[in-house]
Amino acid sequence: MVAGTPGADGLICIDFDDTLVANQEHFEEAVGQLCADIHRATGMPPAEARALFERADERQRGRHRNRFLLAVLSTYCAATGSACVPLEAVPRLAQIAAWPYDAHPAPLPGVPAALQLLRARHAGPVWLVTTGDPVVQAGRIERSGLGGLFDARHILPEKDAAAFAALGAGHARRVMVGNSPVTDVLPALAAGFEALYVRRTTWSLDLAPLPGDIREVADFPAAVALLLRGGPPAGAAGPP
Ligand SMILES: [Mg+2]
């Protein structure tokens with residue numbers, strides 16, 4: 001056992017988007033483009049268009065590619081008062097909706113080196129745990145260049161407590177590292193994981209209050225440093 005890590009056979013699960021690679025920024029760019037296009041087409045102030053998008057986004061409640069496309073199309077319809085998207089607008093709106101998924105999933109600063117350090121120091125399995133369209137997400141993992149640094153890559157339909165319970169079965173100690181309170185920290189805690197919260201930008205619908213004893217770090221390299229330094233990563237019993 002390496003001191004400070006979750007045991008020699010401890011399982012470490014790591015989120016992908018906005019924990020290891022930039023993602024939310026690409027959604028922000030796409031929504032910004034959508035609002036600018038709507039402004040040009042209708043004169044609607046971008047802030048008003050954004051409010052329409054946020055309502056559509058909340059109805060879709062998911063970051064899967066087709067859900068985002070539906071949110072973009074329904075925002076355009078709401079802004080223009082149309083029952084459906086005119087044919088001539090489809091290519092541009094499809095391009096906007098594809099951007100977050102087609103953009104290069106660049107590793108965040110220090111991530112490749114931190115992952116390599118974790119792999120060198122931790123004897124147990126290190127798994128990538130993400131969600132989304134399996135084909136899209138597998139391609140993004142491949143293009144990030146990080147896929148080979150994991151013992152396994154799990155692209156789950158949902159990251160909920162049941163999914164984490166199934167992942168963690170047979171592992172005496174397990175830790176989840178991620179930037180989403182709703183899809184990383186809270187369901188992992190509910191399934192008996194410890195959790196380390198990477199306090200980075202995330203989808204607004206993934207925000208939620210966390211228990212007071214959750215350990216927070218600013219980025220993934222800091223999470224690795226904490227894991228290797230020892231002590232309860234998060235959510236584990238310990239002094240306040
Ligand atoms: Mg994430």
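## Strand β5, its sheet and helix α1

β5 is mostly covered, with 5 of its 5 residues buried. The model described here is predicted. The report begins with this strand and its surroundings, then turns to helix α1.

**Strand β5 and its neighbours**

The cover on β5 extends to both of its faces. Glu 194, Leu 196 and Val 198 are buried on one side, and Ala 195 and Tyr 197 are buried on the other. In a regular strand, side chains alternate between the two faces of the sheet.

Helix α8, residues 181-190, lies across β2, β4 (174-178) and β5 (194-198). The helix runs at about 165° to β5. Together, β4, α8 and β5 make a right-handed β-α-β unit.

β5 pairs with β4 and with β6, in the parallel sense in each case. In the pairing with β4, the bridge partner of Val 175 is Glu 194 in β5. Toward β6, Tyr 197 of β5 stands opposite Glu 216. Glu 194 and Tyr 197 are also among the buried residues of β5.

**The sheet as a whole**

β5 belongs to an open sheet of 6 strands, ordered β3-β2-β1-β4-β5-β6 and paired in parallel. The edges are held by β3 (152-156) and β6 (215-217); each has a single partner strand, so one side of each is left without a neighbour in the sheet. On average, neighbouring strands of this sheet are turned by 25° against each other, direction ignored. Strands of a sheet pair through backbone hydrogen bonds.

At the β3 edge, the partner is β2 (residues 126-131), and the two run parallel. One of their bridges links Leu 128 to Arg 153 in β3. The table lists three pairings of the sheet.

| Strand pair | Bridges | Direction |
|---|---|---|
| β2 and β3 | 5 bridges | parallel |
| β4 and β5 | 4 bridges | parallel |
| β5 and β6 | 3 bridges | parallel |

**Helix α1**

Helix α1 covers residues 24-42, 19 residues in total. From its first C-alpha to its last it reaches 27 Å, close to the 27 Å expected at 1.5 Å a residue. Phe 27, Ala 30, Val 31, Leu 34, Cys 35 and Ile 38 are buried in α1. Seen down the helix axis, these buried residues fall within an arc of 135°, so they line one face of α1. They pack against three other helices: α2 (46-60), α3 (65-80) and α4 (90-102).

On the other side of α1, Glu 28 and Arg 40 are exposed. Just after the helix, Gly 43 takes a positive phi of about 85°.

Note on methods
Residues are numbered from 1 along each chain as its sequence is written. This is a predicted model: local features need pLDDT of at least 70, side-chain atom pairs count only at pLDDT 80 or more; totals for chains, interfaces and linings use all residues. The expected span of a helix is 1.5 Å times one less than its number of residues. A residue is buried if 20 or more other C-beta atoms lie within 10 Å of its own, exposed if 12 or fewer, and partly exposed in between; C-beta atoms are placed from the backbone. The arc is that of the directions from the helix axis to the C-beta atoms. Two residues are in contact if their C-beta atoms, placed from the backbone, lie within 7 Å. Two strands pair if DSSP finds at least two bridges between them. Axes are lines fitted to C-alpha atoms, for helices over the stretch in contact, and angles run from 0 to 180 degrees between N-to-C directions. A crossover is right-handed if, with the strands pointing away from the viewer, the path from the first strand over the helix to the second runs clockwise.
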